[in-house]
Amino acid sequence: MSKRTISLRENGKVISSWPVAIGDPSTPTPVGRFTVQNKVVNPKYQSTKSGKINATVGPNGPLGDRWLGFQQSGPNQYGIHGTPSAWSWTVTSRAAVTNGCVRMLHEHVRKLFDLVDVGTPLIVQR
């Protein structure tokens, strides 16, 4: 569990590392090689089950104020995103509780967001 981290590397060298929460065993985070497909400031969360859009955006929204999408699978898109302060414990405890996304603390995902571009390679491993 303590190894649930995201690391930014340049030429194989770790520049920064941060704790993350990952997918619940019933909704696991996809593993493999991906690229950052899109970057969104103040993303809107839309339920893939009901289609309902959560009106809350920004730091208190379900996705925080930064989104780095990396995998589209049917109606689901997986990404790296922030988390409301009420759920920050899931990140600091490196929990497996998400619907497959990688959840980070606001200050960490903002830094990562600013350091990567669309097309940046991404490897997700267990």
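A residue is called buried when its relative accessible area is under 20%, exposed when that value is over 50%, and partly exposed in between. The exercises below apply this to a predicted model.

**Exercise 1. Place H108 and classify it as buried or exposed.**

Solution.
- H108 lies in helix α2.
- Its relative accessible area is 17%.
- The cut-off for buried is under 20%, so H108 is buried.
- Leaving aside residues up to four places away in sequence, H108 has contacts with W18 and P19.

**Exercise 2. Determine which residues of α2 are buried and how they are arranged about the helix axis.**

Solution.
- The buried residues of α2 are H106, H108, V109, L112 and F113.
- Viewed down the axis of α2, these buried residues fall within an arc of 160°, so they line one face of the helix.
- As background, an α-helix has 3.6 residues a turn, so residues three or four places apart point the same way.
- The cover over the buried residues of α2 includes β1, β2 (13-19), β5 (38-41), β6 and β7.

**Exercise 3. Describe the largest nonpolar core and identify the element that gives the most to it.**

Solution.
- The largest nonpolar core has 18 residues.
- Those touching the most other members are I6, L68, F70, I80, M104 and L112.
- Two or more residues come from each of β1 (5-10), β6 (66-73), β7 (76-81), α2 (106-115) and β10 (121-124).
- Of the elements, α2 gives the most, with three residues.
- For one of the core residues, I6, the contacts beyond four places in sequence are S16, S17, W18, V20, I80, M104 and L112.
- In general terms, nonpolar side chains in soluble globular proteins tend to be buried together.

**Exercise 4. Find the salt bridges and state which residues they join into one network.**

Solution.
- The structure holds two salt bridges.
- One is between R66 and D65, where the closest N and O atoms are 3.6 Å apart. Both of these residues are buried.
- The other joins the side chains of D65 and R110, at 2.6 Å from N to O. This pair links distant parts of the chain, with D65 in the loop between β5 and β6, R110 in helix α2, and the two positions 45 residues apart.
- D65 has a relative accessible area of 7% and is therefore buried, whereas R110, with 30%, is partly exposed.
- The salt bridges share partners and so join D65, R66 and R110 into one network.

**Exercise 5. List what R110 touches away from its sequence neighbours, and give the separation of its C-alpha atom from that of S88.**

Solution.
- Setting aside residues up to four places away in sequence, R110 touches P59, D65 and R66.
- Two of these contacts, D65 and R66, belong to the salt-bridge network that includes R110.
- R110 and S88 are 22 residues apart along the chain, and their C-alpha atoms are separated by 15 Å.

**Exercise 6. Identify the residues of the nonpolar patch on the surface, then place V97 and classify its accessibility.**

Solution.
- The patch is formed by W87, W89 and V97.
- Together these residues have about 310 Å² of accessible area.
- V97 is located in strand β8 (residues 96-98).
- Its relative accessibility is 36%, so V97 counts as partly exposed.

Notes:
Residues are numbered from 1 along each chain as its sequence is written. This is a predicted model: local features need pLDDT of at least 70, side-chain atom pairs count only at pLDDT 80 or more; totals for chains, interfaces and linings use all residues. Side-chain values use heavy atoms; hydrogens and water are left out. A nonpolar core is a set of buried Ala, Val, Leu, Ile, Met, Phe, Trp, Tyr and Cys residues joined through side-chain atoms within 4.5 Å. Buried means under 20% relative accessible area, exposed over 50%, partly exposed in between (1.4 Å probe, protein chains only). Helices (H or I, at least four residues) and strands (E, at least two) are DSSP runs, numbered from the N terminus. Contact means heavy atoms within 4.5 Å. Patches are made of residues with over 30% relative accessible area and no salt bridge: like charges are joined within 9 Å, nonpolar side chains (Val, Leu, Ile, Met, Phe, Trp, Tyr) within 5 Å. Accessible areas come from the Shrake-Rupley method with a 1.4 Å probe; for residues, only the protein chains shown count as cover. A salt bridge is a side-chain nitrogen of Lys or Arg within 4 Å of a carboxyl oxygen of Asp or Glu. The arc is that of the directions from the helix axis to the C-beta atoms.
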